[in-house]
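Could you walk me through this model stop by stop, telling me what to select and what I will find there? I have the viewer open and would like to go from one site to the next.

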Amino acid sequence: MMLNGGQLEGVRILKPETVKLMHTNQLPDGIDFINPMIGNPGNTFGIDVAIVAAPDGESDHPLAKGEYWWYGAGGTWFGVNPVQDLIVVGMIQKFGVPGPKEVRVTSKRLAYEAITDPG
């Protein structure tokens with residue numbers, strides 16, 4: 001639904017303007033969003049999602065620029081990339097710190113490495 005601008009199977013759930021606002025930086029200029037559990041410098045923050053503004057090369061694949069994402073505390077994660085027309089969803093059962101950072105980073109890296117035409 002988010003990748004389709006607020007529409008799911010032909011049904012409008014959110015206005016396109018709302019979806020765009022959600023993945024538009026809401027932080028003041030010069031402030032990055034850094035998740036205290038996983039790092040991710042070069043990310044900004046929209047409404048309830050982090051946004052890859054400048055991939056850091058460690059946690060974010062270079063093709064991830066423009067992706068908006070979130071990592072849940074219980075081992076869930078997602079990323080929506082409208083530039084690459086890509087969605088990554090992961091779910092494992094692991095709560096707390098140390099958490100499943102390696103699995104999250106690896107799964108997203110593999111998804112981006114599978115893109116044959118980054119167009």
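The tour below moves through strands, a helix, ring pairs and salt bridges in turn. Please keep in mind throughout that this is a predicted model.

**Stop 1: the aromatic rings**

Begin by selecting Phe45, Trp69, Trp70 and Tyr71, which ring pairs link into a cluster. Over the whole structure, the search finds 3 aromatic pairs. Take Phe45 and Trp70 as your starting pair: their ring centres are 5.8 Å apart and the planes meet at 70°, an edge-to-face arrangement. This pair links distant parts of the chain, since Phe45 belongs to strand β4 (residues 39-45) and Trp70 to strand β6 (residues 68-71), 25 residues apart. Trp70 is partly exposed, at a relative accessible area of 30%.

Now shift to Trp69 and Tyr71. Here the ring centres are 4.6 Å apart with the planes at 45°, so this pair counts as tilted. Is Trp69 buried or exposed? Trp69 is buried, with a relative accessible area of 0%. Tyr71 is buried as well, at 6% relative accessibility.

**Stop 2: from β6 into β7**

Show β6 and β7 as a cartoon. The two strands run antiparallel and are joined by 4 bridges. They form a hairpin with 4 residues between the strands, and in the turn you can pick out Gly75, whose phi is positive at about 100°. To follow the pairing from the ring cluster, select Trp69 again: its bridge partner in β7 is Gly79.

Next, select Thr76, which lies in strand β7 (residues 76-81). Thr76 is partly exposed, with a relative accessible area of 36%. Which residues does Thr76 contact, leaving aside its neighbours within four places in sequence? They are Trp70, Tyr71, Gly90, Met91 and Arg104. You can also draw a distance from the C-alpha atom of Thr76 to that of Ile92: the two are 16 residues apart along the chain, with a separation of 6.2 Å.

**Stop 3: across to β8**

Add β8 (86-91) to the display. β7 and β8 pair in the antiparallel sense, over 6 bridges. Two positions are handy for checking the register: Gly79 stands opposite Val88, and Val80 stands opposite Ile87. This hairpin has 4 residues between its strands, and Asp85 takes a positive phi near 55°.

Now turn on the side chains of β8. In a regular strand the side chains alternate between the two faces of the sheet. Along β8, Leu86, Val88 and Gly90 point to one face and are buried, whereas Ile87, Val89 and Met91 point to the other and are not.

**Stop 4: helix α2**

Move to helix α2 (residues 101-113), which has 13 residues. From its first C-alpha to its last it reaches 18 Å, close to the 18 Å expected at 1.5 Å a residue. Select its buried residues: Arg104, Val105, Lys108 and Tyr112. They cover an arc of only 90° around the axis, so they sit on the same side of α2. What covers these buried residues? The answer includes β6, β7 and β8. Arg104 has already come up on this tour, as one of the contacts of Thr76.

**Stop 5: two salt bridges**

Side chains of opposite charge can pair when their charged atoms come close. How many salt bridges does the count come to? The count is 2 salt bridges.

For one of them, select Glu67 and Lys108, whose side chains meet at 2.6 Å, N to O. Glu67 lies in the loop between β5 (50-52) and β6, while Lys108 is in helix α2, so the pair ties together parts that are 41 residues apart in sequence. Glu67 is buried, with a relative accessible area of 1%, and Lys108 is buried too, at 4%.

Finish with Arg109 and Glu113, whose side chains meet in a salt bridge of 3.2 Å, N to O. Being 4 residues apart in helix α2, Arg109 and Glu113 are separated by about one helical turn. Arg109 is partly exposed, at 35% relative accessibility, and Glu113 is partly exposed, at 45%.

Definitions and conventions. Residues numbered from 1 in each chain as written. Predicted model: local features only at pLDDT ≥ 70, side-chain atom pairs only at ≥ 80, totals over all residues. Heavy atoms only, no water. Phe/Tyr/Trp six-rings, centres within 6.5 Å; stacked < 30°, edge-to-face > 60°. Buried < 20%, exposed > 50% of the residue type's maximum accessible area, 1.4 Å probe, protein only. Contact = heavy atoms within 4.5 Å. Expected span 1.5 Å × (residues − 1). Arc of directions from axis to C-beta. Pairing = 2+ DSSP bridges. Salt bridge = Lys/Arg side-chain N within 4 Å of Asp/Glu carboxyl O.
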